[in-house]
Amino acid sequence: DIQAWGKAFECALCLWANHPLSLLSWTARPDNGIDVEFWGRKIDMKGSKNIRSNCLIWPQPKNHILKSTPSDTLVLGRRALEIEPPAIDLLGWTPKDRFINFHLVAPAVNNRKFADGTKYMEEHQLLPMEDMRAWAAI
């Protein structure tokens, strides 16, 4: 289920960017931190099937590899509605170095149910998806 949702978010990103789905890896193996590359960006797609989710998170158990992963861009997607087949919204993006410098950190007790130490950005902190398209044109 987690891998299927991850692939659905990656497909949504490719379709939004008008890039072929063949750019995606279709193996069952975990990726190296890059889900897809286009517009000169190495993108790590993050998503949630919770229709109320509004945070791009970096899970606490992976904090030690955040800086060393080869991606340079993080994108947030979320399931849009509880319908079948599911629809996906792309909520925003950020360069990874911006995430590293400006993320929030979940405290031990928090109303988001994040694990203590989870790094995250709220949707309003992310850049609009159209800015990613504009940035690619530069």
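**Exercise 1.** In this predicted model, find which residues form a nonpolar patch on the surface together with W26, and work out whether W26 is buried or exposed.

*Solution.* Start with the patch: L15 and L21 join W26 in it. Together, the three residues offer about 330 Å² of accessible area. Next, place W26 on the chain: you'll find it in the loop that runs between α1 (2-16) and β1 (36-38). Last, check its accessibility. The relative value is 53%, so W26 counts as exposed, because the cut-off for that label is over 50%.

**Exercise 2.** Describe the largest pocket: what is its volume, and which residues lie nearest its centre?

*Solution.* Take the volume to begin with, which comes to about 1300 Å³. Then look at the walls: 40 residues line this pocket, and I2, G6, M45, K46 and G47 are the ones nearest its centre. Now ask which elements supply two or more lining residues; these are α1, β2 (41-48) and β3 (55-58). Of the contributors, α1 gives the most, with seven residues. Finally, sort the lining by class: 15 residues are nonpolar, 12 polar and 13 charged.

**Exercise 3.** Where is N110 found, and how many Å separate its C-alpha atom from that of L23?

*Solution.* Go to the loop between β6 (104-105) and β7 (119-122), and there's N110. Its relative accessible area is 21%, so N110 is partly exposed; buried would mean under 20%. For the distance, pick the two C-alpha atoms: N110 and L23 are 87 residues apart along the chain, and 38 Å separates them in space.

How values were computed
Residues are numbered from 1 along each chain as its sequence is written. This is a predicted model: local features need pLDDT of at least 70, side-chain atom pairs count only at pLDDT 80 or more; totals for chains, interfaces and linings use all residues. Side-chain values use heavy atoms; hydrogens and water are left out. Patches are made of residues with over 30% relative accessible area and no salt bridge: like charges are joined within 9 Å, nonpolar side chains (Val, Leu, Ile, Met, Phe, Trp, Tyr) within 5 Å. Accessible areas come from the Shrake-Rupley method with a 1.4 Å probe; for residues, only the protein chains shown count as cover. A salt bridge is a side-chain nitrogen of Lys or Arg within 4 Å of a carboxyl oxygen of Asp or Glu. Helices (H or I, at least four residues) and strands (E, at least two) are DSSP runs, numbered from the N terminus. Buried means under 20% relative accessible area, exposed over 50%, partly exposed in between (1.4 Å probe, protein chains only). On a 1 Å grid over the protein atoms alone, a cavity is a set of points where a 1.4 Å probe fits but cannot get out, and a pocket is an open set with protein on both sides within 12 Å along at least five of seven lines; lining residues have an atom within 4 Å of a point. Grid points are joined across faces, edges and corners, and a volume is the space filled by probe spheres set on the points. Ala, Val, Leu, Ile, Met, Phe, Trp, Tyr, Cys and Pro count as nonpolar, Asp, Glu, Lys and Arg as charged, and the others, Gly among them, as polar.
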